[in-house]
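Colleague: I have a few informal questions before I go back to the bench. Could you walk me through this one?

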Amino acid sequence: MYMPDALRAAIGIMEADPARLRHRNSFNIASMSFDPEIISAKIKEYIPEFEMEYQVDPLRQAIADSWPNKLDDTCARVEWDWKPEYDLDAMTRDMIEKLTAKFKK
C-alpha cells in the first residue's frame, strides 16, 4: 500500500459514520501487491535504464512469508467506502515525480 492511501484510510475511518460501522473501528484495508521484479518492470516503463539489485534477508523474508497472500477488506469497503486511490502504475508515476523533484534540487 502506498503511504497516501494508508493516511487517507486512517482519516477515513476516523471520519466514518459510526452508525454504519458494524465492526466498530478495526478493519483490514488492502491495496496493491507486487514483488521486486514487478515493481522493477513498472519503473523501467518510465526509466528504461533503471536497474535494481537486492538481496533477500532470510529473517525478514520468513516474516513476509508468514503473512496471508491477500487481505479481505470487504467490510471496510462496505461500511465506510474504503477504496485505494493508487494502483501500481499511479504509485510509480507519483513516486518518480516526487523523487525527481526532490533530488533535482
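**Talking through the model**

Modeller: Let me begin with Glu49, which sits in the loop between α2 and α3, and please keep in mind throughout that this is a predicted model.

Colleague: Is Glu49 buried or exposed?

Modeller: Glu49 counts as exposed, because its relative accessibility is 60%.

Colleague: And how far apart are the C-alpha atoms of Glu49 and Leu88?

Modeller: They are separated by 19 Å, and along the chain Glu49 and Leu88 are 39 residues apart.

Colleague: Let me step back, then. How many helices and strands are there in the protein?

Modeller: The protein has five helices and zero strands, so that, read from the N terminus, the order of elements is α-α-α-α-α. The protein is more spread out than a compact globule, because its radius of gyration is 17 Å, whereas the globule rule gives 13 Å for 105 residues, and the former is well over the latter.

Colleague: What does the C-alpha trace span along its principal axes?

Modeller: The spans are about 50 × 35 × 20 Å.

Colleague: How much of the protein counts as buried?

Modeller: Of the 105 residues, 23% count as buried. The area that the protein exposes comes to about 8,300 Å², and 56% of that is supplied by carbon and sulfur atoms.

Colleague: What about charges, how many positive and negative side chains are there?

Modeller: There are 15 positive and 20 negative side chains in the protein, and the centres of these two sets lie 4 Å apart.

Colleague: Back to the helices. Which residues of α2 are buried?

Modeller: In helix α2, which covers residues 36-46, the buried ones are Ile39, Ser40, Lys42 and Ile43. These residues lie on the same side of α2, because the arc that they cover around the axis is only 165 degrees.

Colleague: Why would residues three or four places apart point the same way?

Modeller: An α-helix has 3.6 residues a turn, so residues with that spacing face the same way.

Colleague: And what do the buried residues of α2 pack against?

Modeller: They pack against α5, which is residues 88-103. From the other side of that packing, Thr92 is a residue to look at, as it is found in helix α5 and touches Ile39, Lys42, Ile43 and Tyr46, if residues up to four places away in sequence are not counted.

Colleague: Is Thr92 buried or exposed?

Modeller: Thr92 counts as buried, because its relative accessibility is 2%. Arg93 also has its place in helix α5, but Arg93 counts as partly exposed, at 41% relative accessibility.

Colleague: While we are on Arg93, how far is its C-alpha atom from that of Ala62?

Modeller: The two C-alpha atoms are separated by 30 Å, with those positions 31 residues apart along the chain as the separation in sequence.

Colleague: Do contacts come from positions far along the chain or from nearby ones, that is, what share do residues 24 or more positions apart account for?

Modeller: Among the contacts in the protein with a separation of 6 or more, residues 24 or more positions apart account for 80%. Tyr2 offers an illustration, since leaving aside neighbours within four places in sequence, Tyr2 is in contact with Met32, Tyr86, Met91, Asp94 and Met95.

Colleague: Where is Tyr2 placed?

Modeller: Tyr2 has its place in the segment before α1, the helix of residues 3-15, and Tyr2 counts as buried because its relative accessibility is 11%, where the cut-off for buried is under 20%.

Colleague: There's another tyrosine I wanted to raise, Tyr54. Where does Tyr54 lie, and which residues is it in contact with?

Modeller: Tyr54 lies in the loop between α2 and α3, the latter being residues 58-66, and its contacts, apart from neighbours within four places in sequence, are with Pro36 and Glu37. Tyr54 counts as partly exposed, at 41% relative accessibility.

Colleague: One last thing, what is phi of Asp81?

Modeller: Phi of Asp81 is near 65 degrees, which is a positive value in a residue other than glycine. Asp81 has its place in the loop between α4, residues 74-80, and α5, and because its relative accessibility is 53%, Asp81 counts as exposed.

Key
Residues numbered from 1 in each chain as written. Predicted model: local features only at pLDDT ≥ 70, side-chain atom pairs only at ≥ 80, totals over all residues. Heavy atoms only, no water. Helix = DSSP H or I, 4+ residues; strand = E, 2+ residues; numbered from the N terminus. Rg over C-alpha atoms; globule rule 2.2 N^0.38 Å. Buried < 20%, exposed > 50% of the residue type's maximum accessible area, 1.4 Å probe, protein only. Contact = heavy atoms within 4.5 Å. Areas by Shrake-Rupley, 256 points an atom, 1.4 Å probe, with all protein chains shown as cover. Lys, Arg positive; Asp, Glu negative; His and termini not counted. Charge placed at Lys NZ, Arg CZ, Asp CG, Glu CD. Arc of directions from axis to C-beta.
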